[in-house]
Amino acid sequence: MSSEDVYVNQPLTSRKIMELLDQNPDLKRIRCPHSLYNRISPKYLEALEELGIEVLPLKNKGRPRKYNDEHRYKVNKLLKEGKTPQQISGQMQIPLKTVYYLKKGMELKKGRKFKYDDKVRLNIKNMAEKGHSAREISNKLNIPLRTIYYILKR
């Protein structure tokens, strides 16, 4: 910035204003954060205006976005294709947490997927109702005993 345009990130006091005027005799504009602008005394703003110096708050707040709408679109497209957030994170080289942030309202399936489909689960429950023991079901279907108990419990 030129000496006509100065950025200030400290409160504007009479001492600070005098210091700025001494360092920049051709000062026209003082820029400051919006939060700081709200705390400047109206008397100081009037005095600076009489001297022909305008005080402007900066519009942009915070850090600029790293990922734009194009990234968001690509993440949502990959999710619709059936990719998992972990796969998308690896493919696009972005953090997993960012993938979840960029998905924007898109519902993800919660939890792990079942290893055995509904047909097998129903078969296990039917066999149990017919009087087969969990061990027999496990041996017949070649499914771990603990899994049989888990399916019967749910």
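This is a selection-by-selection tour of a predicted model.

**Stop 1: the largest nonpolar core**

Select V8, L12, L20, L27, I30, L48 and V55. These belong to the largest nonpolar core, which has 13 residues, and they touch the most other members of it. Two or more residues of this core come from helix 1 (14-23) and likewise from strand 2 (29-32). In general, nonpolar side chains in soluble globular proteins tend to be buried together.

Keep V8 in view and show its surroundings. Setting aside residues up to four places away in sequence, V8 touches K16, L20, I30, R31, C32, P33 and L36.

A second core, separate from this one, has nine residues, including V75, L78, I94 and V99.

**Stop 2: L58**

Select L58, in the loop that runs between strand 3 (54-57) and helix 4 (69-80). Is L58 buried, partly exposed or exposed? Its relative accessible area is 31%, so L58 counts as partly exposed.

Next, draw a C-alpha to C-alpha distance from L58 to P33. The two residues are 25 apart in sequence and 5.3 Å apart in space. With neighbours within four places in sequence left out, the contacts of L58 are Y7, R31, C32 and H34.

**Stop 3: P85 and Q93**

Select P85, which is placed in helix 5. P85 has 10% relative accessibility and therefore counts as buried, the cut-off being under 20%. For a second C-alpha to C-alpha distance, pair P85 with P57: they are 28 residues apart in sequence and 40 Å apart in space.

Move on to Q93, in the loop between helix 5 (85-92) and helix 6 (96-102). Q93 is not a glycine, yet its phi is positive, at about 60°. The relative accessible area of Q93 is 66%, so this residue is exposed.

**Stop 4: helix 8**

Select residues 134-141, which form helix 8, and pick out its buried residues: A134, I137 and S138. Why do these line one face of the helix? Seen down the axis of helix 8, the buried residues fall within an arc of 100°, so they line one face. Color R135, N139 and K140 separately; these are exposed, on the other side of helix 8.

To see what covers the buried residues, show helix 7 (118-129) and helix 9 (145-153), which are among the covering elements.

**Stop 5: helix 8 against helix 9**

A pair of packed helices is described by the angle between their axes and the distance between those axes. For helix 8 and helix 9, the axes come within 9 Å and cross at roughly 115°. The crossing of helix 8 past helix 9 is right-handed.

Which residues make this contact? Helix 8 contributes A134, R135, I137 and S138, while helix 9 contributes L145, I148 and Y149. Sorted by class, the contact has five nonpolar residues, one polar and one charged.

**Stop 6: N142**

Finish at N142, in the loop between helix 8 and helix 9. N142 comes just after helix 8. Its phi is near 55°, a positive value in a residue other than glycine. Is N142 buried or exposed? Its relative accessibility is 68%, so N142 counts as exposed.

Technical notes
Residues are numbered from 1 along each chain as its sequence is written. This is a predicted model: local features need pLDDT of at least 70, side-chain atom pairs count only at pLDDT 80 or more; totals for chains, interfaces and linings use all residues. Side-chain values use heavy atoms; hydrogens and water are left out. Buried means under 20% relative accessible area, exposed over 50%, partly exposed in between (1.4 Å probe, protein chains only). Helices (H or I, at least four residues) and strands (E, at least two) are DSSP runs, numbered from the N terminus. The arc is that of the directions from the helix axis to the C-beta atoms. Contact means heavy atoms within 4.5 Å. Axes are lines fitted to C-alpha atoms, for helices over the stretch in contact, and angles run from 0 to 180 degrees between N-to-C directions. A crossing is left-handed if the near helix is turned anticlockwise from the far one by less than a right angle, and right-handed if clockwise. Ala, Val, Leu, Ile, Met, Phe, Trp, Tyr, Cys and Pro count as nonpolar, Asp, Glu, Lys and Arg as charged, and the others, Gly among them, as polar. A nonpolar core is a set of buried Ala, Val, Leu, Ile, Met, Phe, Trp, Tyr and Cys residues joined through side-chain atoms within 4.5 Å.
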